[in-house]
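Biologist: I have a chain open and want to go through the basics. Can you take me through it, charges to begin with?

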Amino acid sequence: MGTLVASLDELVAVEKAQQVILEEVAPLPAETVALTDAYGRTTAVDLSSDIDVSPFDNSAMDGFAFRAADVADASEESPARLQIVAHIAAGDWYGEEVQPGQCVRIMTGAALPDGVDAVEMIEKVAFTERGLVGDYLVLDHPVETGKNIRYAGEEIKAGTVALSAGTTIGPAAMGLLASTGNTMVPVHRVPTVGILSLGSELVEAGEYPTPGHIRNSNGPALVGCVTRAGATPKLYPTLPDDYEAIKATLAQAIAECDFVISSGGASAGDFDYITDIADDLGTVYFKYVNMRPGKSQTFAVIDNTPFLGLAGNPAAAVCGFEMLVFPALQKMLGRKTLFHPTQQASLGKDTKKKGARENYLRATLARNADGQLVATPYRNQSSALFSTLQTSDCLVIVPGEVNFLPAGAEVTCVHLDITAGTVI
Ligand code: AMP
Ligand code: MG
């Protein structure tokens, strides 16, 4: 038994259970992946730029570049006339300095030559002939210094950090890494999560259940949970309630994975063996958590690998995963934000609960006529059902000590389907 609880019969608060598990996991070591494979991964080190981005001052428009001072007095009555001395496309490098009274025709992204300090877009100018080299730009208005110029290093300066360690890489980060020369990216290794499904009543989802049997639905659901968390699932074949069979497969999964979870066989039934097996193989820290659904959850460390035996009822397994395993996986992935985002909402109906456990009610979210967010729990909160979980928008937390909340009360909603760290 771990040092956490005086007795394994103790109901551990959700927050405490989260902390216990988080203490037992660490960010996984780094591996290097190609930038184009780095989406969704989390940087393991600060990544700097090898160059200024952009490396040179350049034009933000297709137009003409000149000295702003040359057009300071330009007007419709007395337009400025500047001789066009070059035609510069993106990718060109014009080595000459542009002199007073001169200008260049320049395209978006092309390097500005020395001497110029303003650009006017082609739609706002006139010119003689075709506006090519040797012709004249005719400008009937002044243009302020710096207009339509993108300066060197505006995105990032050479040698400074483009992405700090612990950043989860999205599309914009991939662009930033590309422009800063980071084509091989050190990221935290992704944890593999072993998933065991325990129960003599279970058949694989691909089978037709014979009398007394049901399909293993938790297994695939937990594959979804693990995938959504950003980790790699490894689903093991369904196991009967057989001590030795479960023990052997759990030991195998512990050896093969970074985190192992199971569902079923976790409570006080005659054939619920997982706590004893975890104790047999490693150190059990707790077996009851103060949440509903999801009271029976056994946490153990076996050969330095964390194991959480989730409850068997589908909603209990998923809620337990999302509250206890999800944060641990975020930490292992090296992410900065560990928990699912929460949001305050107004309760849509009077809500009673029995007992002292913290409830996680499957609920829908909508805006009322005043634009206020309203969370309405489903009437049927049976933990045996996937359908209410499937159509719910969030989990409404009803704290342990509260037994009644009136419609309109402010409640905290947990979002399972919004990226951790998103401001909502
Ligand atoms: P247990 O925790 O083993 O007592 O299981 C509680 C309830 O969850 C029982 O009705 C089980 O049949 C059900 N259950 C357990 N494991 C699964 C599973 N993998 N898929 C669907 N239902 C399950
Ligand atoms: Mg069972």
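Modeller: This is a predicted model. The protein chain carries 29 positive and 51 negative charges, and the mean positions of the two sets lie 9 Å apart.

Biologist: What about the accessible surface, how much is there?

Modeller: About 19,400 Å² for the protein chain, with 50% of that belonging to carbon and sulfur atoms.

Biologist: And what share of the residues is buried?

Modeller: Buried residues are 49% of the 424 in the protein chain.

Biologist: What is the radius of gyration of the protein chain?

Modeller: The protein chain has 31 Å, whereas a compact globule of 424 residues would be near 22 Å. Along the principal axes, the C-alpha atoms fill a box of roughly 95 × 50 × 45 Å.

Biologist: Secondary structure: how many helices and strands?

Modeller: Seven helices and 29 strands. As for contacts with a separation of 6 or more, 72% come from residues 24 or more positions apart.

Biologist: Switching to cysteines. How many disulfides are there in the whole structure?

Modeller: A search finds zero.

Biologist: Why is Cys 257 without a bond?

Modeller: Because the closest cysteine sulfur, in Cys 225, is 16 Å from the sulfur of Cys 257, which is too far for a bond. Cys 257 is also buried, at 6% relative accessible area.

Biologist: Then which cysteine sulfur is nearest to Cys 394?

Modeller: That of Cys 413, 3.9 Å away, and Cys 394 is in no disulfide. The cut-off for a disulfide is a sulfur pair within 2.5 Å.

Biologist: Is Cys 394 buried or exposed?

Modeller: Cys 394 is buried, with a relative accessible area of 2%.

Conventions: Residues are numbered from 1 along each chain as its sequence is written. Chains are lettered from A and ligands numbered from 1 in the order in which they are written. This is a predicted model: local features need pLDDT of at least 70, side-chain atom pairs count only at pLDDT 80 or more; totals for chains, interfaces and linings use all residues. Side-chain values use heavy atoms; hydrogens and water are left out. Helices (H or I, at least four residues) and strands (E, at least two) are DSSP runs, numbered from the N terminus. The radius of gyration is taken over C-alpha atoms; the globule rule is 2.2 Å times the number of residues to the power 0.38. Buried means under 20% relative accessible area, exposed over 50%, partly exposed in between (1.4 Å probe, protein chains only). Contact means heavy atoms within 4.5 Å. Accessible areas come from the Shrake-Rupley method with a 1.4 Å probe; for residues, only the protein chains shown count as cover. Lys and Arg count as positive and Asp and Glu as negative; His and the chain ends are not counted. The place of a charge is taken as NZ of Lys, CZ of Arg, CG of Asp or CD of Glu.
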